[in-house]
Amino acid sequence: MLDGTSEETDLRMMRQCIACAREGVAAGEFPFACVIARGEEVICVGANRTRRDGDVTRHAEMVAMSEAQRLLGRGALRQCTLYATVEPCPMCSFAARETRIARVVFGVYSPLMGGHSRWDVLADAALSGRMGEVFAPPPQVRGGVLAQEVAQLWRRANPLAWGVIRWRGVFRLAPAQP
């Protein structure tokens, strides 16, 4: 873990992420949310805005990274951790690599669409090896943090969607076994 980041910090930030996801649900979104933190300090939070903004690129992680860059400056996310309710997709994972996020912590795995467990964007050393001026070295990745709580939020927010998501294998509470 990064200096100043502990298990307690990860849990506290993920709880804040889940609270933000609840607010997103109240605004008509699916429960995707993100917190960007530097150690104990919350830089910003973001909930999904795809429905509200009518823009498929307004994922919670993209919203939060954009705000964090506005507040701290581009490239200043080197010492930051991105917390997300669901494993970031490839689009969000590429952006995390380019913003130089140091750690990514998430609740539920996404073996179908995940930027770590499916597409491996977050751990791909070739990105920084060949394009180091653009992509940072792979961030530390920790999945499954408060996964049960995230699953419960999804189940309560939209039981039908949650059932279909689970049946189709879109989300998992633990990494897929080889």
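Is Arg103 buried or exposed? Select Arg103 and see: the residue is buried, with a relative accessible area of 2%. Here buried means under 20% relative accessible area, exposed means over 50%, and partly exposed lies in between (1.4 Å probe, protein chains only).

Before moving on, some ground rules. This is a predicted model, in which local features need pLDDT of at least 70 and side-chain atom pairs count only at pLDDT 80 or more, while totals for chains, interfaces and linings use all residues. Residues are numbered from 1 along each chain as its sequence is written, and side-chain values use heavy atoms, with hydrogens and water left out.

**Stop one: Arg103 and its partner**

Keep Arg103 on screen and add Asp10. Their side chains meet in a salt bridge, 2.9 Å from N to O. The term stands for a side-chain nitrogen of Lys or Arg within 4 Å of a carboxyl oxygen of Asp or Glu. This pair links distant parts of the chain: Asp10 sits in helix H1 (residues 7–26) and Arg103 in strand E4 (residues 103–108), 93 residues apart. Helices (H or I, at least four residues) and strands (E, at least two) are DSSP runs, numbered from the N terminus. Asp10 is buried too, at 0% relative accessibility.

Now add Glu7 and Arg142 to the selection. Together with Asp10 and Arg103, they are linked in a network of salt bridges.

**Stop two: pairs with some exposure**

How many salt bridges are there by this rule? The count comes to nine. Go to Arg38 and Glu41 for one of them, where the closest N and O atoms are 3.4 Å apart. Arg38 is partly exposed at 32% relative accessible area, and Glu41 is partly exposed at 41%.

Next, pick Asp53 and Arg49, whose side chains form a salt bridge at 3.0 Å, N to O. Both ends are partly exposed: Asp53 has a relative accessible area of 33%, and Arg49 comes in at 27%.

**Stop three: the cysteines**

How many disulfides does the structure hold? Zero, where a disulfide would be a pair of cysteine sulfur atoms within 2.5 Å.

Select Cys89 and Cys92 to see why: Cys92 has the closest cysteine sulfur to that of Cys89, but at 3.7 Å it is too far for a bond. Cys89 counts as buried, at 17% relative accessibility.

Finish at Cys34. The closest cysteine sulfur to its own belongs to Cys17, 6.0 Å away, so that pair is too far apart for a bond as well. Cys34 is buried, with a relative accessible area of 0%.
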